[in-house]
Amino acid sequence: MKRAIILAAGGSTRLGHPKQLIRWGDGNLLTHVIQTIGAAGVEQIDVVVGAHKEAIIASVNTDEYPLVRWLHNADWRDGQSTSLRLAIRELQSQWNEDDAILIALCDQPAIETEHYAALIDTVISGDFASSATQYPSGAGVPVCFSAAILRLLELHGDQGAKNWLRSQPRGTVHLLQCPEAACDIDSPQDEIKLRRRSLRSG
């Protein structure tokens, strides 16, 4: 099966308000990413929330997005890895060893469905147990793992799976280019750039 985890628990401290709720298209950043990933053929999307969880959950019409389930991370202040550990712990009993598990963030709206689908299909094909997005500094998210590999990750602090990916022998993680992944939202300046991009695309 093709499954996805969206990490959306952060407090958006630098930004000053929940990035998940920034308007984008007909919804917000989170609903946009849900739609984009859903179009890649996933059968379940688990969204990890923490800070502002009531407002975030209320912003997503579950009738419109039936694939979505919610996981609450009470330890979100301790870093992104706590969200991924929570998801693995809560969901691993539902996974088969050869399921493909996509991990994505809620604040990369420029990434298109084709990139998510390519990450997933690389793992589904069995050629690689993990596929990741190529950045100048190395592998990063979005990333897809086989369920068997994801259970083995040791995650700490705010690094998520990035450190593990970059520690693997060369050639064992399939890397895919996606310049759009560099567009993420951490600061007010990033939001201004995002809104300008939205106006251009609209």
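Which residue in β5 is the bridge partner of V49? To find out, open the predicted model and follow the stops below.

**The whole chain**

Start with everything selected. The protein has 202 residues, and buried ones make up 51% of them. Colouring by secondary structure should give 7 helices and 9 strands. The accessible surface comes to about 9800 Å², with 48% of it belonging to carbon and sulfur atoms. Counting contacts between residues at least 6 apart in sequence, 70% join residues at least 24 apart.

**The sheet**

Select the strands next. An open sheet is formed by 7 strands, and reading across it gives the order β5-β4-β1-β6-β8-β7-β9, with mixed pairing. β5 (68-72) and β9 (174-177) each have a single partner strand and stand at the edges, so one side of each has no neighbour in the sheet. From one strand to the next, the twist averages 25°.

Go to the β5 edge. β4, residues 44-49, pairs with β5 in the parallel sense over 5 bridges. Pick V49 and look across to β5: its bridge partner there is H72.

Move on to β1 (2-8). Of the 7 residues of β1, 6 are buried, so the strand is largely enclosed by the rest of the structure. β1 and β4 are parallel, with 6 bridges between them. β1 and β6 also run parallel, joined by 6 bridges. A4 is a useful residue to centre on: it stands opposite I45 in β4 and opposite L102 in β6.

**Helices against the sheet**

Select residues 113-124, which are helix α4. This helix lies across β1, β6 (100-105), β7 (130-135), β8 (138-146) and β9. Its direction is at about 55° to that of β8.

Then select residues 80-91, helix α3. From first C-alpha to last, its 12 residues reach 17 Å, close to the 16 Å expected at 1.5 Å a residue. Show side chains for its buried residues, S81, T82, S83, L84, L86, A87, I88 and L91. What do the buried residues of α3 pack against? They pack against β1, β4, β5, β6 and α5 (147-150).

**Two nonpolar cores**

Nonpolar side chains tend to be buried together in soluble globular proteins. Here the largest nonpolar core has 31 residues, and those touching the most other members are I6, L30, I34, I37, I45 and V47. At least two residues of this core come from each of β1, α1 (29-38), β4, β6 and α4. α4 supplies the largest share, 5 residues.

Centre on I37 and display its surroundings. Leaving out residues up to four places away in sequence, I37 touches A4, I6, V42, I45, L102, A104 and Y116. A4 is the β1 residue already seen opposite I45 and L102.

A second core, separate from this one, has 24 residues; select A9, L105, V143 and A161 among them.

**Strand β8**

Zoom in on β8 and select P142, which lies in this strand. The peptide bond leading from V141 to P142 is cis, with omega near 0°.

Also in β8 is G140. Is G140 buried or exposed? Its relative accessibility is 5%, so G140 counts as buried. Apart from neighbours within four places in sequence, G140 is in contact with A132, T133, Y135 and L165. Add a distance label from G140 to N163: the C-alpha atoms are 8.7 Å apart, for residues 23 apart in sequence.

**Around helix α2**

Finish with H52, in the loop between β4 and α2. Its phi is near 60°, a positive value in a residue other than glycine. H52 is partly exposed, at a relative accessible area of 36%.

Now select residues 53-58, helix α2, and pick A55 within it. A55 has 40% relative accessibility and so counts as partly exposed. Label the distance from A55 to Q20 as the last item: their C-alpha atoms are separated by 9.6 Å, while the residues are 35 apart along the chain.

Methods. Residues are numbered from 1 along each chain as its sequence is written. This is a predicted model: local features need pLDDT of at least 70, side-chain atom pairs count only at pLDDT 80 or more; totals for chains, interfaces and linings use all residues. Side-chain values use heavy atoms; hydrogens and water are left out. Two strands pair if DSSP finds at least two bridges between them. Helices (H or I, at least four residues) and strands (E, at least two) are DSSP runs, numbered from the N terminus. Axes are lines fitted to C-alpha atoms, for helices over the stretch in contact, and angles run from 0 to 180 degrees between N-to-C directions. Contact means heavy atoms within 4.5 Å. The expected span of a helix is 1.5 Å times one less than its number of residues. Buried means under 20% relative accessible area, exposed over 50%, partly exposed in between (1.4 Å probe, protein chains only). A nonpolar core is a set of buried Ala, Val, Leu, Ile, Met, Phe, Trp, Tyr and Cys residues joined through side-chain atoms within 4.5 Å. Accessible areas come from the Shrake-Rupley method with a 1.4 Å probe; for residues, only the protein chains shown count as cover.
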